[in-house]
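Student: I've got a model open and I'd like to learn how to read it residue by residue. Can you walk me through it?

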Amino acid sequence: DLDLLLKIAGQAVDLPKIEKKPLIINSEPKPKIGVIKDRAFSFYYPENLEALTGEGAELVEINSMTTENLPEVDALYIGGGFPEMMPEEISGNVALRQDILNAAQAGMPIYAECGGLMYLTKAIVTENAEYPMVGVFDCKVQMEKKPQGHGYAIQEVLAGNPFYPEGFVLKGHEFHHSSIIELSEQQQFGFLTQRGKGIADGKDALVYKNVLATYHHLHASSVELWAEQLVKKAKVYQENKLAKN
C-alpha cells in the first residue's frame, strides 16, 4: 500500500542536522590521497570520497592499468571491484606495482578494500593462470566458483591496527568470490570478525606498517573515524616528506 506508506512517512519528524567540524580543511598544502579508480577498481561509495575531501584531502585518480608510475601522493585508497576480470592488464603494469610496493615499504598509509586487498597480495590465481600483483603481503588470492563471503559484517579492531584504536567496532559488508591462500603464519591481522567470513580463523584485515587490506567494505557515514584517520595519516606522511627535503 504505497499511498499509506507515503502518508506514514510524511508524519515522521525531521532528522537532527549533524554539524561536523573538518579535521584539516584549511591546512596547506593539502595532503594528496591517490584513489585507484578504473574498470578493475570501481566500487566506491561517493560519500567515502566526499568524506576524504571534506577532511581536507585532495584526491588523485590512478589507473591500475595505464598509470605508468605512482604520482606524488601521501596515501592510497584502493576500493573494491573485479581485478580478476582483467588481471593480465593490471599485472602488466609492472612499474606502478613496484612503485606501490616501494611506497608501502616506506611507510605510506594505504587503505584497501576487497579488490584492493587482492591487488596487494603476491598474485591472483585463476582457473587458468597466476598473475603477479603488488606483493605487499606474503600470500596469494585464489578465485573460487562460489561466494566466499556475502552479507553484513562486524569487525572489532585488534591492537597494532594503523587506522583505528583497539576495541573500536566497524559495521559494513563483504562480498567476495576469492579466498586468501599461502598466508604466512606470522601475518598480523587488524580485525577480529564478530560477524562475517573475514580472511581466516575469524580474523580480517592484513596489516603491514601503515597498510591495511581487508575484505570488509565500510560506508564513511557509519565509520566517521575512517576518513579522519586516513587524512590524518596522509598529513603526517606529507609533513615527514617535507621535513626530509
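Student: Let's start with Ser64: is it buried or exposed?

Tutor: One thing up front: this is a predicted model. To your question, the cut-off for buried is under 20% relative accessible area. Ser64 comes out at 0%, so it is buried.

Student: Where does Ser64 sit along the chain?

Tutor: Ser64 is in the loop between strand E2 (58-62) and strand E3 (75-78).

Student: Which residues does Ser64 touch, not counting residues up to four places away in sequence?

Tutor: The list is Ile36, Asp38, Ala40, Phe41, Ile90, Asn93, Leu96 and Tyr119. Take Tyr119 from that list: Ser64 and Tyr119 are 55 residues apart in sequence, yet their C-alpha atoms are 9.5 Å apart in space.

Student: And what is Tyr119 in contact with, leaving aside its neighbours within four places in sequence?

Tutor: Ser64 is one of the contacts, and the others are Ile36, Phe41, Ile78, Ile90, Leu96, Arg97, Ile100, Met133 and Val134. Ile90 and Leu96 touch Ser64 too, so to speak of one neighbourhood here, let's visit both of them.

Student: Okay, Ile90 then. Where does it lie?

Tutor: Ile90 lies in helix H3 (residues 87-92). Its relative accessible area is 0%, so Ile90 is buried. Beyond its sequence neighbours within four places, Ile90 is in contact with Ala40, Phe41, Ser64, Met65, Pro83, Arg97, Tyr119 and Met133. For a sense of scale, the C-alpha atoms of Ile90 and Glu166 are separated by 34 Å, with their positions 76 residues apart along the chain.

Student: And Leu96: which helix holds it?

Tutor: Leu96 belongs to helix H4 (residues 94-105), and Leu96 is also buried at 0% relative accessible area. Leaving aside neighbours within four places in sequence, Leu96 is in contact with Ile62, Asn63, Ser64, Thr67, Glu68, Asn69, Leu70 and Tyr119. Try the distance to Glu68 as a check: 5.6 Å from C-alpha to C-alpha, at 28 residues apart in sequence.

Student: Now zoom out. Which members of the largest nonpolar core touch the most other members?

Tutor: That core has 67 residues, and the best connected are Ile100, Tyr111, Tyr119, Leu120, Tyr164 and Trp226. Helix H6 (residues 224-244) gives the most to this core, with six residues.

Student: How does H6 pack against helix H2?

Tutor: For a helix pair, look at the angle and the distance between the axes. H2 (residues 46-54) and H6 pack at about 50°, with axes 9 Å apart. The two helices are therefore oblique to each other, and their crossing is right-handed. The contact is made by Asn48, Ala51 and Leu52 on the H2 side, and by Trp226, Ala227, Leu230 and Val231 on the H6 side.

Student: How many aromatic pairs does a search of the whole structure find?

Tutor: Nine. For each pair, you check the ring centres and the angle between planes. Tyr111 and Phe163 have ring centres 5.3 Å apart and planes at 75°, so they are edge-to-face. This pair links distant parts of the chain, 52 residues apart: Tyr111 is in strand E4 (residues 110-113), while Phe163 is in the loop between strand E8 (149-157) and strand E9 (169-176). Tyr111 is buried at 0% relative accessibility, and Phe163 is buried at 2%.

Student: Which residues form the aromatic cluster?

Tutor: Tyr44, Tyr77, Tyr111, Phe163, Tyr164, Phe168, Phe191 and Trp226 form one cluster.

Student: What about the backbone? What should I look for in phi?

Tutor: Most residues other than glycine have a negative phi. Cys114 goes the other way, with a positive phi of about 55°. Cys114 sits in the loop between E4 and helix H5 (115-120) and is buried at 5% relative accessibility. Ala205 also has a positive phi, near 70°. Ala205 is in strand E12 (residues 203-208) and is buried at 0% relative accessible area.

Student: Last one: how do I read Lys209?

Tutor: Lys209 has a relative accessible area of 47%, so it is partly exposed. Lys209 is found in the loop between E12 and strand E13 (211-214). Leaving aside neighbours within four places in sequence, Lys209 is in contact with Ala104, Gln105 and Pro162.

Conventions. Residues numbered from 1 in each chain as written. Predicted model: local features only at pLDDT ≥ 70, side-chain atom pairs only at ≥ 80, totals over all residues. Heavy atoms only, no water. Core = buried A, V, L, I, M, F, W, Y, C linked by side-chain atoms within 4.5 Å. Buried < 20%, exposed > 50% of the residue type's maximum accessible area, 1.4 Å probe, protein only. Helix = DSSP H or I, 4+ residues; strand = E, 2+ residues; numbered from the N terminus. Contact = heavy atoms within 4.5 Å. Phe/Tyr/Trp six-rings, centres within 6.5 Å; stacked < 30°, edge-to-face > 60°. Axes fitted to C-alpha atoms, helices over the stretch in contact; angles between N-to-C directions. Parallel < 35°, antiparallel > 145°, perpendicular 65-115°, else oblique. Left-handed = near helix turned anticlockwise from the far one by under 90°.
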